[in-house]
Amino acid sequence: MAQLNVNNTLRTVEAESDTPLLWVIREQLGLTGTKYGCGMALCGSCTVHIDGVATRSCSRPLSSVDATAKVVTIEGLSADGSHPVQKAWAALDVPQCGFCQSGMIMAAAALLREKPQPTDADIDAAMTNICRCGSYNRVRAAIHAVASGKLAGAGLQIQHADGSRT
Ligand code: FES
Ligand code: FES
């Protein structure tokens, strides 16, 4: 038995100490917005915040997270999808199949909290999540839209392999 603070609620869970946090979140707490992709800390689909830091929950054993740590999942980012990152994602139609997107949103929210005006290099360094649908250009555009505070006029800028933009 362990206690976790998830989305500002103290929860008691029954799991082995080496159970990945991802499975506790999904199977015990029923918060299925956090996705399983690789299970090896590679893809980022399982990203949650722990004390504000983007964390790959598939690779954090339950024993490494105590009740003083604040875990936030996509369900806790906002009550109604009104977090600026969620609004930008909707405005720019970032998701395609959507599977990776809760992890992308959590990673972007953590980045913008730490660096409200991220450069492309900051985004490249922080957004290591993998998207099989190739939503990377829209992810970048949405992050810049949040940073600029101009969501209404936000557009999609394509960065090509040679570094040029259109
Ligand atoms: S499922 Fe955690 S990084 Fe891929
Ligand atoms: S939107 Fe399909 S995997 Fe990213």
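Two residues are in contact, for the purposes of this talk, if their C-beta atoms, placed from the backbone, lie within 7 Å. With that criterion, consider Ile105: leaving aside neighbours within four places in sequence, this residue is in contact with Ile74, Leu77, Val85, Gln86 and Trp89. I shall return to Ile105 when I come to the core. The model on the screen is a predicted one.

Let me begin with the overall dimensions. The C-alpha trace of the protein chain spans about 55 × 30 × 25 Å along its principal axes. The radius of gyration is 16 Å, and because a compact globule of 166 residues would have a value near 15 Å, the two agree. Of the 166 residues, 39% count as buried. If we take contacts between residues at least 6 apart in sequence, 58% of them join residues at least 24 apart.

As to secondary structure, the protein chain holds six helices and five strands. Read from the N terminus, the order of elements is β-β-α-β-β-β-α-α-α-α-α. The chain is divided into two domains, with domain 1 covering 2-77 and domain 2 covering 84-148. Their centres, taken over C-alpha atoms, are separated by 20 Å.

I turn now to the strands. Strands E1 and E2 pair in the antiparallel sense over five bridges, and one pair of bridge partners there is Gln3 with Thr12 in E2. The hairpin of E1 and E2 has two residues between the strands, and in this hairpin Asn7 takes a positive phi near 50°.

A second hairpin is formed by E3 and E4, again with two residues between the strands; here Asp51 takes a positive phi near 50°. E3 and E4 pair in the antiparallel sense over four bridges, with Val48 having Thr55 of E4 as its bridge partner.

What links these hairpins to strand E5? E5 pairs with E1 in the parallel sense over two bridges, and it pairs with E3 in the antiparallel sense, also over two bridges. Val71 in E5 appears in both pairings: Val6 stands opposite Val71, and Ile50 has Val71 as its bridge partner.

Lys70 is also placed in strand E5. Is Lys70 buried or partly exposed? The criterion for burial is 20 or more other C-beta atoms within 10 Å, and exposure means 12 or fewer. Lys70 has 16 such atoms, so this residue is partly exposed. Not counting residues up to four places away in sequence, Lys70 touches Asn5 and Asp51, the latter being the hairpin residue with positive phi. Lys70 and Asn5 are 65 residues apart along the chain, yet their C-alpha atoms are separated by 5.4 Å.

Against the strands lies helix H1. Its buried residues include Leu21, Leu22, Val24 and Ile25. The buried residues of H1 pack against E1, E2 and E3. Just after the helix, Gly30 takes a positive phi of about 70°.

Next, the contact between the domains. Domain 1 contributes 16 residues to the contact and domain 2 contributes 14. On the side of domain 1 that touches domain 2, the elements giving two or more residues are strand E3, strand E4 and helix H2. The largest share, three residues, comes from E3. By class, that side of domain 1 has eight nonpolar, seven polar and one charged residues.

Finally, the core. The largest nonpolar core has 40 residues, and Ile105, with which I opened, is among those with the most contacts inside it, together with Met106, Ala108 and Ala142. Elements giving two or more residues to this core include strands E1 and E5 and helices H1, H2, H3, H4 and H6. Which helix gives the most to this core? The answer is H4, with nine residues. Why does this core lie between the two domains? Domain 1 and domain 2 both give residues to it, and it therefore lies between them.

To close with the residue from the start: Ile105 has Ile74, Leu77, Val85, Gln86 and Trp89 among its contacts. Domain 1 is assigned 2-77 and domain 2 is assigned 84-148, and the core to which Ile105 belongs draws residues from both.

Conventions:
Residues numbered from 1 in each chain as written. Chains lettered and ligands numbered in written order. Predicted model: local features only at pLDDT ≥ 70, side-chain atom pairs only at ≥ 80, totals over all residues. Domains from an automatic or database assignment. Nonpolar A, V, L, I, M, F, W, Y, C, P; charged D, E, K, R; others polar. Core = buried A, V, L, I, M, F, W, Y, C linked by C-beta atoms within 7 Å. Pairing = 2+ DSSP bridges. Rg over C-alpha atoms; globule rule 2.2 N^0.38 Å.
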